[in-house]
Amino acid sequence: MTSALTLAHTAHAQEGEPIKIGVLHSLSGTMAISETTLKDTVLMLVEQQNAKGGVLGRPLEAVVVDPASDWPLFAEKARELLTVSEVDAIFGCWTSVSRKSVLPVIEELNGLLFYPVQYEGEESSKNVIYTGAAPNQQAIPAVDYMRDELGVESWALLGTDYVYPRTTNNILDAYLKDNGTAPEDIFVNYTPFGHSDWSRIVADVVALGAGGKKVGVVSTINGDANVGFYKELAAAGVSADDIPVMAFSVGEEELSGLDTADLVGHLAAWNYFQTAESDVNTAFIEEWKAFTGDEDRVTNDPMEATVIGFNAWVAAVEAAGTTDVDPVLDAIVGVEVPNLTGGTATVLPNHHITKPVLIGEIRDDGQFDIVSQTEPVPGDAWTDFLPESAVLEADWPGQSCGMFNTETETCVQVQSNY
Amino acid sequence: MTRLGRVLPLLAALLMPICAQANPALEAVIADNLEGLERPSRLTVEPLVAQIAATGPEGLALLQAWSERQLGLTEDGRAVIIGDDDAATDAVTGQPVPEADPQMLRPNSGVRGVIESALVAGALNDPDPSRRRAALDSLARGGSFEQLTALRAALDDPDPTLAARKARLERLLTIQVGENSEARVTAIEDLAGDVSLDFRAALNPLLVTRRVVATEEPQGNVAREISIDGDDLPREAAIALLVSEGVLEPRLTSAEQRAALAANLSDGRVGGVPVADLSDPDARDRAYEALEDAGTVPPAATEAEVQAALDAHRVYELYAEPDPAVTEAARAAQIRAQVRLGAMQGIDLGLDALSLASIYFLAAIGLAVTFGVMRVINMAHGEFIMMGAYTGYTVQTLIADRTLSLVVALPLAFAVTFGAGVVLYRLVIRHLAHRPLETLLATFGVSIALQQLAKNIFGTQARPLTAPAWLEGSITINDVISISSIRVAIFVLALLFLGLFLFIMKRTRLGLEVRAVTQNPGMAASMGINPDRIAMMTFGLGSGIAGIAGVAIGLFAQVTSEIGQQYIVQSFMTVVVGGVGNIWGTLAGATLIGGLSKVIESFNPGNTLAAQTFMILFIIIFIQFRPRGIIPQKGRAAEA
Amino acid sequence: MTRTPFILRTPSTLIVLAVLAVFTITVTLLSAAYGTGAIPTSMVKTLGMTLCLALAAVAMDLVWGYLGILSLGQMAFFALGGYMIGQWLMYARTEGIVAASLSGNPIPFTPQELRDGVTNQIFGVVGSAELPMVWGFAHSLTLQLILVVAVPGLLALVFGWLAFRSRVNGVYLSILTQAMTLALALWLFQNDSGFRGNNGLSGLQNLPGLDHVGQARLSVWFLWASALALGLFYVIAAWLVSGKFGSVTRAIRDDETRVRFLGYPVEGFKLVVFTLAAMITAIAGALYYPQAGIINPAEMMPIASIYLAVWVAIGGRGRLYGAVIGAFVVSLLSTWFTGGRAPSINLPGYVVNWVDWWQVALGLSFVLVTLYAPKGIAGIFDLIGRKGDRA
């Protein structure tokens, strides 16, 4: 089916040298589980774009490499993409550490990276467009929801021990304390990747109930470890009414590894759910299922971020009339493209985008009921809730600076700190 | 509200004539609050709920349906209740609404909490026990004095468990919102010594304190005075507290000092100090003092002022609860519960440790067997665990009934991994006899090949392996001591295998031969035992047990191609610490490691990763003192 | 006994040095910075890194092939070397950035302000406000260079002393070394360990003060340094194992008890070789990570050390050039197969994608080598050599 489509497209192939774009997602190793989906998404988008006549009248060609979940290899492959394959844009990375590995290479060689995953913020590079959520586009609205709508007063911040949960929890800790939560009402725990023995931690969370306040869990637990966590939670008889769990890293893909009957009512915060009601989304899901040839394939938030990034790049290239990085970067700020939840996403001067925040309740079919949706929130590169970051901002077209101190009116650094 | 404008006349025209026994008040409330019904918020929904409840039985029925997510709004703005049989009835008239296609309302759990709370009083005597239970659940999350009164009036219940719960809830609510001091103190004393979560949840809020800075003892329920510069309030914290209370000016930060100096820069000097010297903090202080003297900058708080402020003020802790008699009783009750609570937490920790130990035991037992008999470490052991788990998953996709699938999966996992073990033995291990390090590496090659193979076959996504319903949930002694049923089942499984293993080793011909080969392979061979066959059988047996362990682990954790890696190092540790060639050694090793992990984890609840590091360090040091493990192997084999 | 110079007694050493020299010169002449540009900079980096891996493999061969200790924790030393040099690289680079930023203010900055700025830059990302104690020497290149060998050396010394004195050997020792590297990795994985947790140290390819040089030239410089280190330590290792010292270590490998009964301080020999190998590995690591650009604790997970053993085994252990060959062949093949450029094989009904199947092939070939070619690839040279003897 897929090959037939490709053939059909080459039939009316465009004139001119193909424009190359790099796909830098792990296809093997621990991260392959999540990243392969994004590789397929980019391939699908390229195929669709070519069917529409390509970009600037030239066809697109995706160059796929496999950094194999090996962080140094990400830098190596990025250099290869930029110098050997000479790609004009790269779609890639998932974990923060892979992005930090690629950053110096991208900045040195003046490449262009579209990063599609929610992350901890505190960064803005000239050469990266962050299409995933910054903390203010996910964590803060989610906590507001739990506090206002669910009445949570006592917090358990559970996370996998790496930088995204650490920074997110630091921000949430500061935010909650600013809003009058006592330090003893915040319980923080970090576990290793792939942790499977959750009995103790779930017991600790349940014991928080002794404080007489409504307990809520904010989970930044990553990947597979969620399976054991939710199983233990269900076994302990903790219902979403007693202790709601708000997850930032659990989406449709993760839930497909679980029996969700016991998780109904627990929550997740994203900027996209497959159940979002809009025509573009319906079309997108259909195309995705056709492309993968699998009726059961789900869509998820980083996929939407990839779509937005891809469309923004196409729009910017069309506007700039070239694929050269600097004109494209100039053109891309302010570009407005439709997102899949029925609104639009605008690329901001700090190289983040506007995204609505959606809160979903887990259903027993592994999908989410959207119970809350905000207006699009502009992504904040430097959080306002940590004192050192509050004075910083990123303004690429204005100040040509990704880390501008608004108090001293100086650019702290032009290149990123990796 | 444009929509409302459209809808109202329509409603009036359509509904008025039809519904004779309608509830016009409810109808009006609905019409006025379509937006509020559609998008309720916990913070604002309470007046609406009260309004609806006040309209009478129809209103209460509507609330009930709303909280159960059985309420919908039709295109023309009517509220309809969808019953269990999918039939729609109008919420106002009670008339059936055929062919209604309402938009279902999905209030979030916070809103539902508010609604349920409003329904409590009526539901306490509802004939339906599930409604009564729901009402009690709602009350358990907090209640008002009116609800307490309602509860007291409804204490009788045909269902004895519900009656007991009502009585208990009455006591708990009395503690929180009782009519007077005596009643509350009595309620506390009635329950004192209880360690259950709900009682502690009622007590602890009474004992919440806040810190107050004052020059003399403040009004209110004072818990205690905190001495400044003591353990509870170090000097720096006290200064910060005074600053935040506004009784002390904040000290000058270096950034502020720098900004002030920069603002007063003239002719390359600040306050007479050359700019080039200002990279020295002392020079900055001198420059700032000069500016202070000149009056160009405000004086900063000096050390003497800080000390004076500290001397002048005292810090108190005040109870939020104003009634001293209640806090006194609560404190006494809390102290009484403390020792019991500690003991129970200890027991709970012990159960966790036991559970982890039995998992490690199951995972390591096969490794110990092969190591004991053949002196080889099978690095692919983890992948046998993985094969077992995937077998369980595959069986579950084929057989829908979870109990039956588990019954099939366990022996099948054993058979599959037994076969894999035998194949591995015949093809690889046999050819590497007496070269343990080469065996280790060759089996490692098998391990990475198997892992990647699993990824190719099953994908990298975690696969679901779900326990049957009777293994879901947990066994709960009280609110502190509880353990999930699946862990108990794994413990039983581990015991079963311990028994089975002992039986095979001590009571069967195979066991006798295995023991003979373990102790002296040469001698055993000359007695007519085929060491090759024995080695193959033990290898298969060890691998088979790993397969069963895989199913067990998959039931409570995630089934991925890396599941084996999670357990393999711990399994090695278990074998090394326990000592080889003896099942009791493995048991001791698993118990030590499982127990130790949990104890270290409980010391450091914020960081599970550090706990793991400390455990491995402990094991490395332990090996120094007992290089052959807790129960070392005796005899000639030990020297090999 | 005539004393011919050591280098002449071991022609293999000469050959290796010659090949290394030719290799380095060829790569230089084909590099983008100093030659035709036929080899892109990313490939130069890969080759330079491979040289470092080969050096680590040589050290591994010393411990395993000549001493009989299958250490499954060698990469802990490798990564520690990388961390030690990484601290300086990161600190010095950040110091430059912060100093430039602070100079914007009319008032010159104090050392404390500089340090605070650096701390905020390096640790603000991972949410810490204070510079951890372990960064106390990070401002000084000399001190960190000493630490590159001192820290792994000390770790090896203490660990080895504890392990050898209690006569832990064989598979027990292997498992224990594995536990050591796992413990270290888990420790470093913690965000609060002072080494930035899972994020590790990054941006290491940008040498402080050498921004104007460019990665094209830097990569060649590092290739030279790596080649030099490999050559130097190869000679040292070859000299060590060719003499009486080498005979004793091989005797320990083959029968430890007998050597002990002959009066040799077995533990001492083991400790010297183990510590020396750790230091060599650390130097390899210190050269490797500035080329890789990033180091994080995953680099010292047990699997990495096992791969090192795999290279040595495939190359042929017990001969130093075997280790070099193994490291080169397997790591370059891995790069090629996982790079997505190896052609897929179209079987009827199934397409074999190397990205998916390379690990399987590696694992199986590894089993086959262990079973049928215990001397590894270097065994082929034996065959050639023997033919040469006959001729």
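Colleague: Into which domains is chain A divided?
Modeller: In this predicted model, the division of chain A uses two segments for each domain. Domain 2 takes 136-275 + 359-376, and domain 1 takes 2-134 + 277-354.

Colleague: Which element of chain A supplies the largest share of the side of domain 1 that touches domain 2?
Modeller: The C-alpha centres of the two domains of chain A lie 29 Å apart. Their contact takes 18 residues from domain 2 of chain A and 21 residues from domain 1 of chain A. On the domain 1 side, at least two residues come from each of α2 and α11 (301-320) of chain A. The largest share, three residues, comes from α2(A).

Colleague: Which element gives the most to the side of chain A that touches chain B?
Modeller: The contact takes 47 residues from chain B and 44 residues from chain A. Elements of chain A that give two or more residues to this side include α2 (32-51), α5 (139-149), α7 (199-207) and α8 (225-235). With six residues, the element that gives the most is α8(A).

Colleague: How many charged residues does the side of chain C that touches chain B have?
Modeller: Here 44 residues of chain B are in contact with 43 residues of chain C. Among the elements of chain C that give two or more residues are α5 (111-123), α7 (170-189) and α12 (302-315), and α7(C) provides the largest share, 14 residues. By class, the chain C side has 29 nonpolar and eleven polar residues, and its charged residues number three.

Conventions: Residues are numbered from 1 along each chain as its sequence is written. Chains are lettered from A and ligands numbered from 1 in the order in which they are written. This is a predicted model: local features need pLDDT of at least 70, side-chain atom pairs count only at pLDDT 80 or more; totals for chains, interfaces and linings use all residues. Two residues are in contact if their C-beta atoms, placed from the backbone, lie within 7 Å. Helices (H or I, at least four residues) and strands (E, at least two) are DSSP runs, numbered from the N terminus. Ala, Val, Leu, Ile, Met, Phe, Trp, Tyr, Cys and Pro count as nonpolar, Asp, Glu, Lys and Arg as charged, and the others, Gly among them, as polar. Domain bounds come from an automatic or database domain assignment.
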